[in-house]
Amino acid sequence: MANHKSSLKRIRQDKKKAEHNHYYAKTMRNAVRKLRAMTDKDEATKLYPTVQKMLDKLAKNNIIHKNKAANIKSSLCNHISQL
């Protein structure tokens with residue numbers, strides 16, 4: 001176990017930040033899952049910009065990798081176009 005005050009504080013901060021990141025990553029996964037489950041093209045087209053914005057924000061804050069965000073956006077575009 002850590003002995004320095006600064007390392008104890010860093011452990012607390014890391015735990016808090018990990019919880020925060022997990023929440024937003026899970027929210028993003030649920031939104032992507034919801035969009036992939038849609039069968040109506042109009043509804044999917046309306047929801048896509050919000051999911052895209054969410055992915056971009058998470059990539060900007062390094063919660064997910066920028067290439068992962070790009071891959072998800074691309075696959076969602078393909079899904080919408082095939083509806």
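These questions and answers walk through a predicted model.

Reader: How many salt bridges does a search of the whole structure find?
Author: Side chains of opposite charge can pair when their charged atoms come close. Here the whole structure was searched for such pairs. The count of salt bridges is one.

Reader: Which residue forms a salt bridge with D56, and how far apart are the closest N and O atoms?
Author: The cut-off for a salt bridge is 4 Å between the side-chain nitrogen and the carboxyl oxygen. For D56, the closest N and O atoms are 2.6 Å apart, and the partner is K73.

Reader: Which helices does that pair link?
Author: D56 and K73 are 17 residues apart, and the pair links distant parts of the chain. D56 sits in helix α2. K73 sits in the other helix of the pair, so to speak the far end of the link, which is α3.

Reader: Is K73 buried or exposed?
Author: Buried means under 20% relative accessible area. K73 has a relative accessible area of 19%, so K73 is buried.

Reader: What about D56: buried, exposed or partly exposed?
Author: The limits are 20% for buried and 50% for exposed. D56 has 35% relative accessibility, which lies in between, so D56 is partly exposed.

Reader: How far apart in space are D56 and A70, C-alpha to C-alpha?
Author: D56 belongs to helix α2. Along the sequence, D56 and A70 are 14 residues apart. In space, C-alpha to C-alpha, the separation is 8.5 Å.

Reader: Which helix supplies the largest share of the largest nonpolar core?
Author: The largest nonpolar core has 16 residues, and those with the most contacts inside it are M28, V51, L55, I64 and L76. Helices α1, α2 (41-60) and α3 (66-82) each supply at least two residues of this core. The largest share is six residues, and it comes from α2.

Reader: Which helix gives the most to the positive surface patch?
Author: The patch is formed by K26, R29, R33 and K68. Three of its residues come from the leading contributor, which spans residues 5-37. That contributor is helix α1.

Reader: Is R29 of that patch buried, exposed or partly exposed?
Author: R29 is found in helix α1. Exposed needs over 50% relative accessible area, and buried needs under 20%. At 34%, R29 meets neither limit, so R29 is partly exposed.

Reader: What is the C-alpha separation of H20 and K46?
Author: H20 lies in helix α1. H20 counts as partly exposed, at 43% relative accessibility. H20 and K46 are 26 residues apart along the chain, and their C-alpha atoms are separated by 27 Å.

Reader: Which residue has a positive phi although it is not a glycine?
Author: Most residues other than glycine have a negative phi. In this model, a residue in the loop between α2 and α3 has a phi of about 60°. That residue is N62.

Reader: Is N62 buried or exposed?
Author: The cut-off for exposed is over 50% relative accessible area. N62 has 68%, so N62 is exposed.

Reader: Where is Q82, and how far in space is Q82 from T45, C-alpha to C-alpha?
Author: The place of Q82 is in helix α3. Q82 counts as exposed, at 70% relative accessibility. Q82 and T45 are 37 residues apart in sequence, and their C-alpha atoms are apart in space by 12 Å.

Notes
Residues are numbered from 1 along each chain as its sequence is written. This is a predicted model: local features need pLDDT of at least 70, side-chain atom pairs count only at pLDDT 80 or more; totals for chains, interfaces and linings use all residues. Side-chain values use heavy atoms; hydrogens and water are left out. Patches are made of residues with over 30% relative accessible area and no salt bridge: like charges are joined within 9 Å, nonpolar side chains (Val, Leu, Ile, Met, Phe, Trp, Tyr) within 5 Å. Accessible areas come from the Shrake-Rupley method with a 1.4 Å probe; for residues, only the protein chains shown count as cover. Lys and Arg count as positive and Asp and Glu as negative; His and the chain ends are not counted. The place of a charge is taken as NZ of Lys, CZ of Arg, CG of Asp or CD of Glu. Helices (H or I, at least four residues) and strands (E, at least two) are DSSP runs, numbered from the N terminus. Buried means under 20% relative accessible area, exposed over 50%, partly exposed in between (1.4 Å probe, protein chains only). A nonpolar core is a set of buried Ala, Val, Leu, Ile, Met, Phe, Trp, Tyr and Cys residues joined through side-chain atoms within 4.5 Å.
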